[in-house]
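Student: Please teach me how to read the local features of a structure, one by one.

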Amino acid sequence: VPRLNSVADLEAYRSRLHAAEDATRPCVTICSGTGCHASRSDKVYEAFVEELGRNGLSQVQILRTGCHGFCERGTIVTILPQEVTYLQVKPEDAAEIVQTTLVGGEVVGRLVYHDDEGLEILREDEIPFYAPQTPLVFGLNRFIDPNDIDTYIAHGGYASLAKALFEMSPEQVLDEVKTAELRGRGGGGFPAGAKWQTTRDAPGDIKYVVVNADEGDPGAYMDRSLLEGNPHRVLEGLIIGAYAMGAHQGFVYVRQEYPIAVENLTVALQQARDYGLLGPSVLGSGFAFDVTIHRGAGAFVSGESSALMSAIEGHVGEPKPKYVRTAVSGIWGRPTNLNNVETWATIPLIIEKGAEWFRGIGTENSKGTKIFSLVGKVNNTGLVEVPMGMPLRQVVYEIGGGIPKNRKFKAVQTGGPSGGVIPEALLDIPVDFDELDRAGSMMGSGGMIVMDEDTCMVDTARYYLNFLSEESCGKCVPCREGIYQMLEVLNRITAGEGVEGDIELLEEISQVVKRFSLCALGGTAPNPVLSTLRHFQDEYEAHIYDKRCPSGVCKALISYYIDPEKCRACMLCLKNCPVEAITGARKEVHVIDQAKCTKCGACAEVCPARYDAVAKISGVPVPEPVAAGTQVIGKRGGEDE
Amino acid sequence: MSEISLTIDGREVVTQEGVTILEAAREVGVDIPALCAHELLAPYGGCRLCTVEIAKGGRSRLVASCVYPAEQGLDVKTESDSVVEGRKLILEMLLARAPGVEVLREYGKRYGVDVDKFEIEANYCILCGLCVRYCAEVKGACAIGFVGRGVDREVMFQPEIAARECPSCGECFKICPTGVLPSNYGMARVPHFDWPANPFR
C-alpha cells in the first residue's frame with residue numbers, strides 16, 4: 001500500500017497506475033449499481049468469471065462498476081477497448097458475449113441498443129438516453145470500481161484535494177465554492193458557500209462536517225448510487241470542505257436501508273486511511289481529518305438536519321427548533337455543516353475546474369448539473385444528470401423516451417413527498433430551483449416521477465400524505481394532527497364519501513400545517529395536496545360531486561361491467577375472477593355480480609382485445625345486468641369472428 | 001447580559017438578551033397560550049400554540065415564541081389574524097383527541113373553536129411531553145418516554161426504571177395538563193386533579 005505523504009507522492013503513484021495500464025487489454029465492465037443488482041448483476045459477474053476461466057482468457061480484466069444510470073436496461077456490460085455496450089445482459093448471455101466479442105471480435109447484435117429505426121448503437125454515450133446528458137458528477141461511476149481506490153486515483157481522483165490543500169488557503173477554497181454559486185442538492189437549495197462561511201466564522205475550535213445520505217424520498221436513489229458507485233468522490237469533497245471550514249471530524253449519516261453504500265464507504269474510508277488521505281496529516285499537509293459512519297434507524301425525518309444531528313448525538317432523531325442555525329450550533333452544540341451527498345460530490349469538480357467554469361453551466365440562479373431519478377410511467381427509467389435549465393419536456397421525452405404504451409402524459413411529480421406535480425401545460429419550463437418553485441413544486445433532492453393518464457391525482461396526494469403521516473415524528477401538533485386530518489379527508493374523498501367543503505378544509509389545514517409546524521417535514525407536507533389542487537382541482541371535484549374517478553383508480557368509485565353486446569362468452573374472465581363474481585356459461589353472456597366484485601381488474605386484463613367487452617366505468621350507474629342465461633349475439637363463445 | 005427592547009402588541013418591552021419571546025411577553029402580562037411550555041423545563045416547541053407573528057426588516061413570519069429568542073427591535077404580534085387562525089385549528093384538532101379537557105376548553109372559548117370540526121378520536125393525551133421532560137430534566141430519572149411516530153406516538157413508562165423510581169415520586173402525574181396520565185394509572189379521574197403551578201393558567 002502506498003503511503004501518500006505529498007502531492008508528489010500522489011502524482012507519482014498516479015503515473016505508476018497509468019503506466020501499468022494497458023489500453024489494449026480487454027476488459028469487461030459490469031454495472032453493479034442498485035438497479036443492475038436487482039437485475040442479477042452479481043450472477044452476471046459470476047457467469048463472466050466462469051466463462052473467462054473456461055476459455056482460458058486470464059488476461060481479460062473484470063471491473064465491477066457503480067451505477068451507470070440506465071437502470072431500465074440493466075445489467076449493463078461494456079467490453080473494452082472496443083467500447084461495445086450490451087444491455088439487459090442475463091447470466092446466460094455471458095458465454096455468447098465471451099465467445100463472440102472477446103474471442104471472435106464480433107458484436108452480439110441482439111444485446112446492443114437499437115434506436116427507433118432499428119439501427120444498432122454500440123457506444124454507451126451515443127444511446128439517446130445518455131446523449132442529452134451532462135454526466136459531470138455521476139459520469140465517473142461507470143469507469144471505476146468503488147472498492148478500489150486505485151481506479152479513482154487513475155481517473156484523476158484526489159487531485160482536487162491536493163490542489164486545495166497545497167495551492168489554496170481555506171479562504172480561497174471557500175471563496176471558490178461561493179463564487180461557483182453552488183446550491184445545496186438535498187432539497188432546500190441553500191447556497192452552500194454561505195453555509196460554509198457561517199460554520200467557518202462560528203466561534204469554537206471544534207467543528208464538524210456531515211454528509212447527509214439519509215435519502216428517503218420514494219423513488220429516489222441518486223445519492224445512494226453516488227455513494228455506492230463513487231464513494232471517494234463524496235469523500236474527497238468532504239475533506240476539501242472540512243479544510244475550508246476548519247473541521248477535523250466528519251460524519252456520514254447513511255440510512256439503514258443502504259447496506260451496499262455502507263459497505264463500499266467503509267472500504268473507501270479504510271483505503272483512504274491506508275493511503276494517508278485521511279488521518280492525522282492528510283497527504284502530508286499537516287491537516288488532520290477523519291470520518292465516522294453513522295447508520296440511520298429508518299426514520300424519514302432523520303434527513304432533516306437537526307433531527308439527523310440529534311441522532312448522531314445518540315438521541316432520538318427528532319427535529320429541534322432551529323432559530324440558532326446548526327451551522328453555528330449543531331452536533332453537541334458545535335458548529336456543524338451539513339450537505340447532501342451530491343453537493344459534496346460536486347465540490348472536487350469546482351476546485352478542479354474553477355468556479356467560473358461551473359457558473360458557465362446552468363441558469364441564472366441555479367448553477368451546474370443536477371442528478372434526477374427518473375421513474376414512473378416513462379420508458380427509460382434511471383438516473384440522469386442534466387444541466388440546470390433543461391426543459392422538463394426534454395427530460396421526459398428525449399431522455400426518458402416518453403410514456404409507455406402510448407398513454408397520455410399527465411404530470412411529473414418532483415421534489416419527493418414535499419414536492420408537487422407539474423402538469424402538461426408547464427412541461428416546457430426549464431428545470432431549476434426557482435422554476436420548479438414557481439410551478440408549485442420544488443427541486444427537492446431530485447426525484448422525478450412521471451405519471452400518465454391512468455394516475456389519479458387525488459390518490460397521488462393521498463399516497464404522499466399517507467407516507468408523511470407515517471413519517472411525521474409526532475412531536476409538534478400541526479404536523480402530527482394536521483397531516484392525519486388531511487389524510488382523513490383524502491381517504492374520504494377517494495372512498496367516494498367526499499362532501500362539499502372538503503376542498504376548503506384541505507386548504508385551511510394546509511395553511512396551518514405549513515406555517516405552524518416545527519420543521520420542514522411539516523412545513524412542506526401539504527405540498528402534494530396544494531399542488532394537485534392547484535393543477536387538478538377538477539379531479540377533486542369529480543370525486544366529491546360526481547362520485548367519479550376520472551382516471552379509474554379509486555376502487556370505491558369504479559365498477560367493472562361486461563358489455564352484453566360485446567361479450568363472446570369465452571369463459572376467460574369467468575375463470576380468472578379470483579372471487580368468482582362472474583356468472584355465465586358457454587354461449588351465455590357473462591355478468592359481474594357487483595356485490596361480490598373486488599375491482600381487481602383481472603377480468604378487464606384477460607378479456608381478449610378483439611372483444612374488449614369489459615369496461616371500467618366511473619361516475620355512472622352500472623347498467624342493469626341482462627337476465628341469466630341470455631345467449632350471446634352472433635357466433636358461439638370461444639371462437640374468433 | 002445586555003438589555004434589549006422589542007415591541008409586543010404595540011407595547012415597548014425592555015428585557016434581557018437570552019430570554020424567549022414568550023418569557024418577555026409574560027413579564028409584561030401579555031398572555032400567550034401554551035401547552036408544552038413550563039418554567040422548570042427547557043423550551044420544547046411542540047404544541048405550537050404559542051406561535052406569534054414577528055416582523056424584522058420588513059419581513060414577517062410565524063415563530064414559536066417559547067423557543068424564539070427576543071431580539072432587539074423585533075415587532076411581535078401575539079394575536080394577528082394568521083396566528084389566531086392557526087391556534088384555532090390546532091385547538092380544534094387537539095380537542096378531537098382530548099375533548100372536554102379544561103385547559104383546551106378555555107383556550108377553545110377564547111378562540112371560538114368549532115368542536116365538531118373533526119371527528120373525536122379521544123385518548124386524552126396531547127403529547128405535550130411535560131411528563132417525559134419533567135422526569136428527564138428535573139428528576140433525572142428518564143422513567144417515562146415516547147414511543148412510536150406520528151399519531152401513533154404515545155407516552156410510556158420504561159418498566160425497569162419505573163419500577164425503581166416511580167413508587168417514591170409520582171410527580172409527573174401532577175404535571176399532566178389533561179389528567180390522562182394519572183387517570184390511566186388509577187390515580188385520579190380526568191376532571192379532578194390539582195393543577196400544577198402552570199404559569200399560563
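Tutor: We may begin in a loop of chain B: B:Tyr124 is located between α3 (102-111) and α4 (130-138) of that chain. Helices (H or I, at least four residues) and strands (E, at least two) are DSSP runs, numbered from the N terminus. This is a predicted model, in which local features need pLDDT of at least 70 and side-chain atom pairs count only at pLDDT 80 or more, whereas totals for chains, interfaces and linings use all residues. Residues are numbered from 1 along each chain as its sequence is written, chains are lettered from A and ligands numbered from 1 in the order in which they are written, and side-chain values use heavy atoms, with hydrogens and water left out.

Student: What is the phi of B:Tyr124, and is the residue buried or exposed?

Tutor: B:Tyr124 has a positive phi of about 65°, although it is not a glycine. Burial is judged by relative accessible area: under 20% is buried, over 50% exposed and in between partly exposed (1.4 Å probe, protein chains only). B:Tyr124 is partly exposed because its relative accessible area is 29%. Chain A offers another such case: A:Met571, also not a glycine, has a positive phi near 75°. A:Met571 lies in the loop between β16 (558-562) and α22 (572-576), and its relative accessibility of 15% makes it buried.

Student: Where is B:Cys36 found, and with which residues is it in contact?

Tutor: B:Cys36 is in the loop between α1 (21-27) and β3 (51-56) of chain B, and at 2% relative accessibility it counts as buried. Contact means heavy atoms within 4.5 Å. With neighbours within four places in sequence set aside, the contacts of B:Cys36 are B:Tyr44, B:Gly45, B:Gly46, B:Cys47, B:Cys128, B:Leu130 and B:Arg133.

Student: Which residue makes a polar contact with the side chain of A:His68?

Tutor: A polar contact is a pair of N or O atoms within 3.5 Å; within protein, one must be able to donate a hydrogen and the other to accept it, and residues adjacent in sequence count only if both atoms are side-chain atoms. The partner of the A:His68 side chain is the side chain of A:Glu124, at 2.9 Å. A:His68 sits in the loop between β2 (61-65) and β3 (77-80) of chain A and is buried, with 4% relative accessibility. A:Thr75 also lies in the loop between β2 and β3, and the peptide bond leading to it from A:Gly74 is cis, with omega near 0°. In the loop between β3 and β4 (84-86) one finds A:Pro81; the bond from A:Leu80 to A:Pro81 is cis as well, with omega near 5°.

Student: How many residues of helix α13 of chain A are buried?

Tutor: Of the 13 residues in this helix (residues 341-353), 11 are buried, so α13(A) is largely enclosed by the rest of the structure. Among them are A:Glu342, A:Trp344 and A:Pro348. The N-terminal end of α13(A) is capped by A:Asn340, with a side-chain oxygen 2.8 Å from the backbone nitrogen of A:Glu342. Just after the helix, A:Gly354 takes a positive phi of about 95°.

Student: At what angle do the axes of α19 and α21 of chain A cross?

Tutor: Two packed helices are described by the angle between their axes and the distance between the axes. Axes are lines fitted to C-alpha atoms, for helices over the stretch in contact, and angles run from 0 to 180 degrees between N-to-C directions. Angles under 35 degrees count as roughly parallel, over 145 as roughly antiparallel, 65 to 115 as roughly perpendicular and the rest as oblique. The axes of α19(A) (residues 502-516) and α21(A) (residues 527-545) cross at roughly 170° and come within 11 Å; the two helices are therefore roughly antiparallel. Residues making the contact include A:Leu506 and A:Ser510 of α19(A) and A:Leu533 and A:Gln537 of α21(A).

Student: How do α17 and α21 of chain A cross?

Tutor: Their axes come within 8 Å and cross at roughly 135°, with α17(A) spanning residues 457-471. That pair is therefore oblique. Among the residues in contact are A:Ala461 and A:Tyr464 of α17(A) and A:Phe536 and A:Tyr540 of α21(A).

Student: Which residues have the most contacts inside the largest nonpolar core?

Tutor: A nonpolar core is a set of buried Ala, Val, Leu, Ile, Met, Phe, Trp, Tyr and Cys residues joined through side-chain atoms within 4.5 Å. The largest has 82 residues, and A:Tyr158 and A:Phe289 have the most contacts inside it. Helix α10 (residues 231-245) of chain A gives the most to this core, nine residues.
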